[in-house]
Amino acid sequence: MIPSDHFTKFYNEVFKFLETKGNEVLHAYWLEISRNQERHTMEAFRADGLRGMRDYWDHIRIEENCDLDLELHEDRLELNMNACPSLRKVMDNDANPMSRYCDHCAGWIGPIMDKLGYHLVYDVIDRQEPRCKMQIFKDRDQAREAEGQAKLLMDWPGKSDGNKAK
Amino acid sequence: MIKPDDKPLRYNDGGNVHMDFHGATNTTIDFIIKNFGIEAMDDIFARVGRDVYADIRGHLMAGNATELVKHWRHFFDREGADYAIDVREDEVVLTVNHCPAYHHVKKIAPKVSDHFCDQTTKTNEAMAEGGPFAIATEITGPGSCRQIIRKRP
């Protein structure tokens with residue numbers, strides 16, 4: 001058994017392998033993970049909207065030992081990750097970290113939000129630092145405005161409104 | 001083969017446990033095998049055994065199985081496994097009666113991958129490869145196994 005605690009280190013090895021096969025392959029994998037995650041999220045997100053999303057990430061905050069702040073607003077959910085255990089574990093590792101490890105989060109969350117008609121703005125800030133900012137908007141124009149303030153904006157498979165990952 | 005010490009493990013995780021990660025491992029195994037074949041999956045597990053668990057491997061290479069036994073106890077305890085470890089003079093036997101990973105996936109996923117337990121078999125093999133010990137993994141049933149560390153002849 002690879003312990004749950006070491007899943008991110010396994011994930012990192014998978015990313016490194018897939019990166020050698022090309023970006024499309026990496027995107028196909030994130031889509032597969034996204035479909036897997038739909039089983040844990042879609043019903044609540046569809047039924048309870050932003051509040052359902054807040055509840056999901058609050059559960060993740062506890063189970064994954066995250067230092068994060070969640071703010072639920074009428075028009076958006078805002079998540080500020082102050083200390084990401086996933087990247088921290090990948091960096092505290094005898095194997096080398098994949099340089100774009102952080103990209104996987106938007107890679108699975110983005111397609112779910114697209115299916116639900118919400119607008120994800122995912123700012124990784126810096127791939128070497130275990131912190132990021134995620135915002136989920138009801139309104140597309142507000143999301144566009146927030147994208148302009150991002151330091152390192154993430155892309156995901158199927159994202160079609162013009163913003164490409166740096 | 002066992003030299004007890006009170007040093008912390010290289011990866012000494014604490015806090016809460018997110019068991020759903022096992023579901024993502026299950027999805028990943030099927031994705032990799034479907035698209036790249038079983039050899040690719042085995043190779044990734046081998047990298048986990050060699051590179052991620054370089055510290056355990058280093059101890060095994062030096063003839064010391066203590067770190068691996070400590071690793072088993074720490075993480076099987078954290079995940080609430082039903083298991084026993086029998087340390088004998090010439091071998092260490094881990095008997096897993098109820099694997100938390102397998103049974104959690106069975107609960108949350110449509111199907112447990114036919115290759116789910118390869119994560120154990122292949123990672124064990126890679127940790128021990130080229131060293132004084134062999135680690136045999138015997139799958140004894142759905143969600144149960146025996147893992148045996150013994151000196152190579």
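This passage describes the contact between two chains, and then a sheet and a pair of helices in chain B, in a predicted model.

In the predicted model, 24 residues of chain A are in contact with 32 residues of chain B. On the side of chain A that touches chain B, the elements that give two or more residues are α1, which spans residues 7–19, and α2, which spans residues 23–63. Of the elements of chain A, α2(A) gives the most to this side, with seven residues. When the residues of this side of chain A are divided by class, 11 are nonpolar, six are polar and seven are charged.

Within chain B, four strands form an open sheet in the order β1-β2-β4-β3, and their pairing is antiparallel. In general, the strands of a sheet pair through backbone hydrogen bonds, either parallel or antiparallel. The edges of the sheet in chain B are formed by β1 (82–87) and β3 (133–141), each of which pairs on one side only, and the twist from one strand to the next averages 10 degrees. The edge strand β3(B) is joined by eight bridges to β4 (residues 144–151) of chain B, with the two strands running antiparallel; B:Thr137, for example, has B:Gln147 in β4(B) as its bridge partner.

Chain B also contains a helix pair, α1 (residues 21–36) and α5 (residues 100–108), whose axes come within 9 Å and cross at roughly 80 degrees, so that α1(B) is roughly perpendicular to α5(B). The contact is made by B:His22, B:Gly23 and B:Asn26 of α1(B), together with B:Ala101, B:His104, B:Val105 and B:Ile108 of α5(B). By class, this contact of α1(B) with α5(B) has three nonpolar and four polar residues, and no charged residues.

Definitions and conventions:
Residues are numbered from 1 along each chain as its sequence is written. Chains are lettered from A and ligands numbered from 1 in the order in which they are written. This is a predicted model: local features need pLDDT of at least 70, side-chain atom pairs count only at pLDDT 80 or more; totals for chains, interfaces and linings use all residues. Two residues are in contact if their C-beta atoms, placed from the backbone, lie within 7 Å. Ala, Val, Leu, Ile, Met, Phe, Trp, Tyr, Cys and Pro count as nonpolar, Asp, Glu, Lys and Arg as charged, and the others, Gly among them, as polar. Two strands pair if DSSP finds at least two bridges between them. Axes are lines fitted to C-alpha atoms, for helices over the stretch in contact, and angles run from 0 to 180 degrees between N-to-C directions. Angles under 35 degrees count as roughly parallel, over 145 as roughly antiparallel, 65 to 115 as roughly perpendicular and the rest as oblique.
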